[in-house]
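This report describes the surroundings of the ligands, a pocket and the overall dimensions of the structure shown below.

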Amino acid sequence: MPSINRSKTKTPMPSQDPEERSRNFNEVALGYAKEDAINEAMRCLNCKKPTCVEGCPVHVQIPNFIKHIVEEDFEGAIKVIKETNNLPAICGRVCPQEEQCEQRCVLAKRGEPVGIGRLERFAADWEMQNGIKVPEKPAPRGKKVAVIGSGPAGLTCAGDLAKLGYEVTVFEAFHEPGGVLIYGIPEFRLPKAIVRQEVEFIKKLGVEVKTNMVMGQVLTVDDLLEREGYDAVFIGTGAGLPKFLNIPGENYLGVYSANEFLTRINLMKAYNFPETDTPVKVGKKVAVVGGGNVAMDAARSALRMGAQEVHIIYRRSEEEMPARKEEVEHAKEEGIIFNFLTNPVRILGDENGWVKGIECIRMELGEPDASGRRRPVPVKGSEFVLEMDTVIIAIGTGPNPLLIRATEGIKLNKYGYIETDENGKTSKEGVWAGGDIVTGAATVILAMGAGKKAAQSIHEYLQNK
Ligand code: FAD
Ligand code: SF4
């Protein structure tokens, strides 16, 4: 068998047919078969100076794991990945590789980069099917660390500290750990069984996970440090507080924040109502306001919940849309209708208080604003009404406020996010923070990178304490 594949394009990813998948919650991308994975791995040049690794926030040794795939040593491949990444099946599915490792791959200069994410997913799925290996437990160090929030930042920090021999407890407000991975990102992009298996791996490393613990109310950070015997605390509470448009009509029935809409469907399994307790009412015509990943997820979920027509309403043009290109393509294939350069001005309701439409205005692009993107400017007199019976607002989120309000002595920036040094250390002695609660809404891998750095910094602090 040749060991080099000179194809300029990635080995295609098998996926569900758009027509069929738009009515079910099963995973869209089906994953590489063994032959696909080896074929794709053979595109890698095993560069002496692998620029792809520099593009990975947790520095997975990419050419090394890919070499193992070429050699059909899949166990070796996942071992290399797990040296630096505790959640590879998740990253292989939802990381924006096109802006990270794959963007830096040398092959991207003359064609498509190596499908690093697809190969990572293949190796992680292979391990799940063949039995997850847990590293031997290190000698206990006799020190305790509390992690608040069980999203990717908290889980990564907890896993790395457990590997170093610390006794780690994760406190999570919801009844199930995983953060946005479990309540936000839909089943058809990230099956919850995968998240649960990755959480199991973290638990097998020795981490205890306590759910239904709304920290700041049940216990404060000071309680943990002063009464409960913890030597350090990591805060990874995320940015899940929805923002609204502040336009007339947002209180009508049938208007959701994307956060509520997706939580009802993913965490509370509203698609199984009445077998499950939580319903979600999705009408025939749904408008989703926003242009990020969250908006795509809400729109595609609405379609799967039975909506006949789903519209994205976005105030800039397609070029400025922050959502991953792949997700936009998938949404288009499934029949989502995109209304670019369109901004809502008012939501209209009927006599019973239910949404019946959304009044919008056309926009045009002006000079670049602070974000570097051209500012959308309303076109006078261009208002029009779209008849809708459900509106979902997906225009961003702010910091989860509960814990930080209850924590004295922790410095916040002007937007209410926690201020830290480059290692995640906050202004409060013994307290670190990372992920969306520091950066604002970002990505899974950046949250993981922050959790990793903080774990290392906590380790150094506790060794000297
Ligand atoms: P979170 O994942 O938000 O986890 C925080 C956890 O803390 C939550 O479980 C919360 O319940 C808990 N918590 C909060 N307050 C308390 C408290 N007081 N006590 C105890 N627990 C508390 N990123 C990607 O890379 N790729 C994607 O495709 C992608 N898609 C996304 C789709 C959606 C719908 C959303 C909402 C986000 C998406 N993101 C994506 C962003 C990514 O999920 C986040 O950047 C990431 O999850 C942040 O991780 P975190 O650990 O900082 O916080
Ligand atoms: Fe392989 Fe691309 Fe990394 Fe080179 S830059 S080692 S070709 S993945």
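Ligand 2 is surrounded by Cys44, Leu45, Cys47, Thr51, Cys52, Pro63, Cys105, Val106, Val114 and Ile116, a residue being near a molecule if one of its heavy atoms lies within 4 Å of it. By class, this shell has nine nonpolar residues, one polar residue and no charged residues; Ala, Val, Leu, Ile, Met, Phe, Trp, Tyr, Cys and Pro count as nonpolar, Asp, Glu, Lys and Arg as charged, and the others, Gly among them, as polar.

The model is predicted: local features need pLDDT of at least 70 and side-chain atom pairs count only at pLDDT 80 or more, while totals for chains, interfaces and linings use all residues. Residues are numbered from 1 along each chain as its sequence is written, chains are lettered from A and ligands numbered from 1 in the order in which they are written, and side-chain values use heavy atoms, with hydrogens and water left out.

Around ligand 1 there are 35 residues, of which Val94, Glu172, Arg189, Met215 and Asp436 come nearest. The shell divides into 19 nonpolar, twelve polar and four charged residues. Helices H9 (152-163), H14 (293-304) and H18 (444-464) each supply at least two of its residues, and H14 has the largest share, with three. Helices (H or I, at least four residues) and strands (E, at least two) are DSSP runs, numbered from the N terminus. Backbone polar contacts of ligand 1 (pairs of N or O atoms within 3.5 Å) are listed below.

| Backbone partner | Ligand 1 atom | Distance |
|---|---|---|
| Met215 | nitrogen | 2.9 Å |
| Thr443 | oxygen | 3.3 Å |
| Val444 | oxygen | 2.9 Å |

The protein covers 93% of the 1000 Å² of accessible area that ligand 1 has on its own (Shrake-Rupley method, 1.4 Å probe).

The second largest pocket is lined by 28 residues, with Met13, Arg118, Arg324, Glu326 and His330 nearest its centre. A pocket is an open set of points on a 1 Å grid over the protein atoms alone, where a 1.4 Å probe fits, with protein on both sides within 12 Å along at least five of seven lines; lining residues have an atom within 4 Å of a point. Its lining comprises six nonpolar, seven polar and 15 charged residues. H15 gives the most to this lining, with five residues.

Overall, the protein has 18 helices and 16 strands. Its radius of gyration is 23 Å, close to the 23 Å that the globule rule gives for 465 residues, so the protein is as compact as a globular protein of that length; the radius is taken over C-alpha atoms, and the rule is 2.2 Å times the number of residues to the power 0.38.

Methods: Polar contact = N/O pair within 3.5 Å; in protein donor to acceptor, adjacent residues only side chain to side chain.
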